[in-house]
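Visitor: Hello! Could you walk me through this structure, one question at a time?
Guide: Gladly, let's have a look together.

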Amino acid sequence: MIKNKNLVFLGPPGAGKGTLSEILLRDEKLVHISTGDILRAEITRGTELGKSAKALMDQGKLVPDQIVADMVAARLAQDDCAGGFILDGFPRTVKQAELLEEATAKIGRKIDKVVLFDAPYDLLIQRLTARLTCRQCKANFNKIFSKPAREGICDHCGGELYQRSDDSLETAKNRLKVYEEQTSPLIRFYTENHLLAKIDASLPKEQNYGMLLAVLNT
Ligand code: AMP
């Protein structure tokens, strides 16, 4: 059982936040809140929010702060989050971090730890452009580092694997630029709040997971 349970996973796209969330969820009963997954579900359902978000996501740009913050606040207020949660891909701007503080204060909870996933640029590009995602259970695989047992099929649920439209080389580069400009200021924000712990996310996932568990228990 880990000590810290109300978690933010921070880091560039391709750093392995989703992959390590998947592994952690096998060992711990936490609610996984991925704003990217929630937005993709809106796109699949063809909602108005989904339509406006898709145009931004396909360019690697961020969806407006208030929209994502409201989505997260609504999810965090649900009873099942009382036992702990992983915020994966949120917050992505200082404004979102401030809105998150307001939302958690309102429900009498607080963030215990922010884990920064650190990996070099070239590796992030390589991971993103080779990534395969399950349409059904959202698990991640990789054409180079983590191939599924059967091509195009998810090992966990048998769902179809696909390449996300924003994992093209051009959009991946834009997303990393947006991360540098808009999300990396959160490193300072959470260092000043004494919540930040950094892990080297460039190793194979089992080793990264060992480091993650170590920081979640300190
Ligand atoms: P992800 O699945 O976390 O890589 O997110 C995919 C895309 O969804 C991002 O490139 C953004 O366009 C959008 N998105 C996800 N989370 C956020 C967020 N916290 N703020 C704004 N946009 C987001």
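**Helices and a ligand**

Guide: Let's start with a pair of helices: the crossing of α4 and α5 is right-handed. Please keep in mind that this is a predicted model.

Visitor: Are α4 and α5 roughly parallel or roughly antiparallel to each other?
Guide: Helix α4 covers residues 65-76, and it packs against α5 at an angle of about 25 degrees, with the axes 10 Å apart. Angles under 35 degrees count as roughly parallel. The two helices, α4 and α5, are therefore roughly parallel.

Visitor: What is the arrangement of α2 and α3, oblique or roughly perpendicular?
Guide: Helix α3 spans residues 48-58, and α2 packs with it at an angle of about 120 degrees, the axes being 7 Å apart. Roughly perpendicular would need 65 to 115 degrees. That angle makes α2 oblique to α3.

Visitor: Which hand does the crossing of α2 and α3 have, left or right?
Guide: Here we look at how α2 passes α3. The crossing is left-handed.

Visitor: How do α6 and α7 lie, oblique or roughly antiparallel?
Guide: Helix α6 (residues 121-129) and helix α7 (residues 169-183) have axes that come within 10 Å and cross at roughly 135 degrees. An angle has to be over 145 to count as roughly antiparallel. So α6, which passes α7 in a right-handed crossing, is placed relative to α7 in a way that is called oblique.

Visitor: Now the ligand: which helix gives the most residues to the shell around it?
Guide: The ligand is surrounded by 16 residues, and among the closest are Thr 35 and Arg 40. One helix, covering residues 35-45, gives four residues to this shell, the most of any. That helix is α2.

Visitor: How many residues of the shell are charged?
Guide: The shell can be sorted by residue type. Six of its residues are nonpolar and four are polar, while the charged ones number six.

Visitor: Which residue has a polar side-chain atom 2.9 Å from a nitrogen atom of the ligand?
Guide: Backbone atoms come into play at two other residues: a polar one of Lys 61 is 2.6 Å from a ligand oxygen, and a polar one of Val 63 is 3.0 Å from a ligand nitrogen. The side-chain atom you ask about belongs to Arg 92.

Visitor: What share of the ligand's exposed area does the protein bury?
Guide: We begin with the ligand taken alone, which exposes 480 Å². Of that area, the protein buries 96%.

Visitor: Is the peptide bond from Phe 90 to Pro 91 cis or trans?
Guide: Pro 91 sits in the loop between β3 (85-88) and α5 (94-106). The bond leading to Pro 91 from Phe 90 has omega near -5 degrees, and it is cis.

Visitor: What is the phi of Lys 138?
Guide: You will find Lys 138 in the loop between β5 (131-134) and β6 (140-142). Lys 138 is not a glycine, yet its phi is positive, at about 70 degrees.

Note on methods: Residues numbered from 1 in each chain as written. Predicted model: local features only at pLDDT ≥ 70, side-chain atom pairs only at ≥ 80, totals over all residues. Heavy atoms only, no water. Near = heavy atom within 4 Å. Polar contact = N/O pair within 3.5 Å; in protein donor to acceptor, adjacent residues only side chain to side chain. Areas by Shrake-Rupley, 256 points an atom, 1.4 Å probe, with all protein chains shown as cover. Nonpolar A, V, L, I, M, F, W, Y, C, P; charged D, E, K, R; others polar. Axes fitted to C-alpha atoms, helices over the stretch in contact; angles between N-to-C directions. Left-handed = near helix turned anticlockwise from the far one by under 90°.
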